[in-house]
Amino acid sequence: MNRLVVVESPTKARTIRRFLPDEYRVEASMGHVRDLPASASQIPAKYKGHGWSRLGVNVENDFEPIYVIPPDKRKVIKELKDALKDADELYIATDEDREGESIGWHLLEVLEPKVPVRRMVFHEITREAIQDALQHTREMDRALIDAQETRRILDRLVGYSLSPLLWKKIAPKLSAGRVQSVAVRLIVSREIERILFVPASYWGLVAKLAVHGKGFEATLTHLDDTRVATGRDFDDATGKLKDGADVVPLDEERATALAEALPSSRWTVTSVESKDQRRSPYAPFITSTLQQEASRKLRLSARDTMSVAQRLYEQGFITYMRTDSTTLSGEAMRASRQAVVDRYGEEYLSPGPREFTSKVRNAQEAHEAIRPAGTSMRTADEIGLSGRERALYDLIWKRTVASQMADARLRLVSAEIEASAAETTARFRSSGRTIEFPGFFRAYVEGSDDPEAALEDRDQPLPALETGTTPACRGVEAGGHETRPPARLTDASLIRILEGEGIGRPSTYASIIDTIVSRGYVRRTGGQLIPTFTAFATNNLLETHFERLVDTGFTAGMEQVLDDIASGSVEAVPYLRQFFRGSDGLERRVEAGLDDIDARKVSEIRFDKWDPFLVRVGRYGPYVEAPSDGDRQVASLPDDLAPGDVTRARLEELVSGAKESDRVLGIHPDTEMPVLLCRGPYGHYVQLGDDDRPAKPKRVSIPRELAPEGVDLEIAVRLLSLPRVLGPHPESGQDILANVGRYGPYVQHGSTFASLSKDDDVLEVGLDRALELLSRKELRNKPLRTIGKHPESGEPVEIFEGRYGPFVKHGRTNASLPKGLPPEDVTMEAALELLAARAKRGPAKKGRGRKKKG
């Protein structure tokens, strides 16, 4: 009997194939084979006359979704149908969550099998798990399918209703989403806190003390029984002490005087307290905690974490990575406990198996926790992993094993020490910590990728102290401090908030963060998520006119409804009807917004500390506006200027710079034409000749590292002489050039361009340095893999690593690889299909914008 097994990806298919008998044929669907129309061109002709057709959902007929088969999936479907002709049974082996159930259902709708259908589910790809899944197949879960479909329809209604409103009122190409808009609001709200923050200054004292030659530090806490003010005592909005704060603020003068007087005083320990503390290990990873820890320890974005985890799962190394459950199976628990004994010894094993309860709001889909697959707990070395896969697997291994280890035992000691000067009694406090037994710390310390080093850092004992001990004072240091604004959100902290509020599903957080970055709402800088001015304007509109949709409580309530639909306790259609077409539904509010929303008002960003300046977001980007002699003066804002970093002085500088007239630096010695220093919307540049000449004057941007006020005629002439010839390339003989382009200074060899660093000077950079930069760039330009020659052109078909992930390239056509498809799995046939689909869509559209001067 022949059996066809369908999974989502070639990697998963290849792994499963190893564990099945020969009569089982395993094929990949390459993800979803059907979806709502992605564009107007995909809407079937019979629906195009209806007003609702642009939504892809028939809101007049019980919100019936209009499903279409994307062009790039037609060949996949044909291959699956051909394979099904030879099969006596069909096994749907897609992932066991809602998304996987939905993919499986769409497969059945498209393939229309006439043979028996079995649903096999598993949360790890091992021989035992696959064999067990074959023996315990089930029917398709209609409740999961309906819940996923409702979620998809709801997201489409929100996104496709609000996005056109944003295009009309703010700027083109923006988008809104049920969860993404809440995420943007959270990030904007944190930036507003930073803008409104008023810093406060305060001083403190640190004493250098010693007992029996062993030094330790103590921090001033009280003066004459009144607590000394610290950062938490100041109001973030005023920079002043909070009302009712019974504290004494210490200024520089008094702190310095005490620091000079106290060392000669008698120091006495007035009390010593010690207590034992136990720390229990963390639960094994779920999706959200894995994303958070990978962000902290490995500096991976949520997207990268899930991409690496997907590869590990599909290769059979870890269990399913989209889960809310912290449960370990009995086999996994036994394997973890054996690994503890083998690696650390019996004393590091917890007295009994540890079980954990999920704390995720609306937790659903009861999978196992994320853990190493199988029952042997192999390490990354034993598997032979490398790179990111090794790092993430090692993190999962340590967290899983640590969950079954003994508690860590600590001894915490605190001492209070007093000294008097100038009729003032100063009380200091010193704390120490000793790790009596490291327990699970030996394997895992949260936030650290080196447990042994972390143990050393955590072990900070005090010398032996008791009441009446008189330590020697080696000095007292006065130090000034300033309160800090709230930290910007990161992938990890945003996910923690979303999860805590019950907003969205952990499995979607990575794509949500990716979306708000790609849509221009957020920039990632040094791990921080920094909102743009466009995010502020969009949030203004949504908060003012669609407040419920960006309210965390309302959005969490929607998640609960979707979970209730999954459990069968709520019907989808009545909920959708009320949400979209009710008396206060989304449809009516959007229609009203088209007339009522003042585009100029919602695009205005104003704070008292910026007065008289304000920022607006226009169709071509943000700009500052200020009154000027009865008129208004505007200036474009730099792309990298964060709202929280804006000051009145910076806005004044931008406006003043925009008002500056072009300045003549002198006459060019060769052309006898004037050389001007000018300022455009994107910065300063030098120009040869006036604008009124018939030919367009030559312009060269001034590198960011070069201050405009430092540009004289000599420097300007050198800039205008660019590009510089640095010398011939030792291999090709072609000239290597140094120049300034749209994105800054660079060196060039043929078609290879390499940016100069901030420490390089385009006017001084030499041949050796250029060769070094070009060599690095050319290495990056080499293909990850050459698949072969194109059957028609004979040109190579290659895979490269791009800014947004791997892509296949032939000639001038580039096509991104589908999510979850590793470069090593791409066949020539798959590559040609991707390239053909990309070619049909035509060349990528370039974003519209004003021409850049200089």
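This report walks through the internal cavities, one helix and a run of three strands in a predicted model.

## Cavities

Let's start inside the protein. The model holds three cavities of 30 Å³ or more, and the largest cavity encloses about 50 Å³ of space. Its lining is made up of V158, L162, G177, R178, S181, L542, L549 and V550. By residue class, that lining divides into five nonpolar, two polar and one charged.

## Helix α24

Helix α24 covers residues 828-840. Its 13 residues should span 18 Å at 1.5 Å a residue, and the C-alpha atoms at its ends are 18 Å apart, so the expected and modelled spans agree.

Which residues of α24 are buried? They are A831, E833, L834, L835, A837 and R838. The cover over these buried residues includes helix α2 (74-85), along with the strands β29 (785-789), β30 (796-802), β31 (805-810) and β32 (813-816).

## Strand β26 and its partners

Strand β26 (residues 735-741) is mostly covered, with five of its seven residues buried. One of its partners is β25 (residues 724-728), which pairs with β26 in the antiparallel sense over four bridges. Here R724 stands opposite A738 of β26. The two strands form a hairpin with six residues between them, and G733 in that turn has a positive phi of about 80°.

Strand β27 (residues 744-749) is another partner: it runs antiparallel to β26 and is joined to it by six bridges. Across this pairing, N739 stands opposite Y746 in β27. A hairpin links β26 to β27 as well, this time through two residues.

Definitions and conventions
Residues are numbered from 1 along each chain as its sequence is written. This is a predicted model: local features need pLDDT of at least 70, side-chain atom pairs count only at pLDDT 80 or more; totals for chains, interfaces and linings use all residues. Side-chain values use heavy atoms; hydrogens and water are left out. On a 1 Å grid over the protein atoms alone, a cavity is a set of points where a 1.4 Å probe fits but cannot get out, and a pocket is an open set with protein on both sides within 12 Å along at least five of seven lines; lining residues have an atom within 4 Å of a point. Grid points are joined across faces, edges and corners, and a volume is the space filled by probe spheres set on the points. Ala, Val, Leu, Ile, Met, Phe, Trp, Tyr, Cys and Pro count as nonpolar, Asp, Glu, Lys and Arg as charged, and the others, Gly among them, as polar. The expected span of a helix is 1.5 Å times one less than its number of residues. Buried means under 20% relative accessible area, exposed over 50%, partly exposed in between (1.4 Å probe, protein chains only). Contact means heavy atoms within 4.5 Å. Two strands pair if DSSP finds at least two bridges between them.
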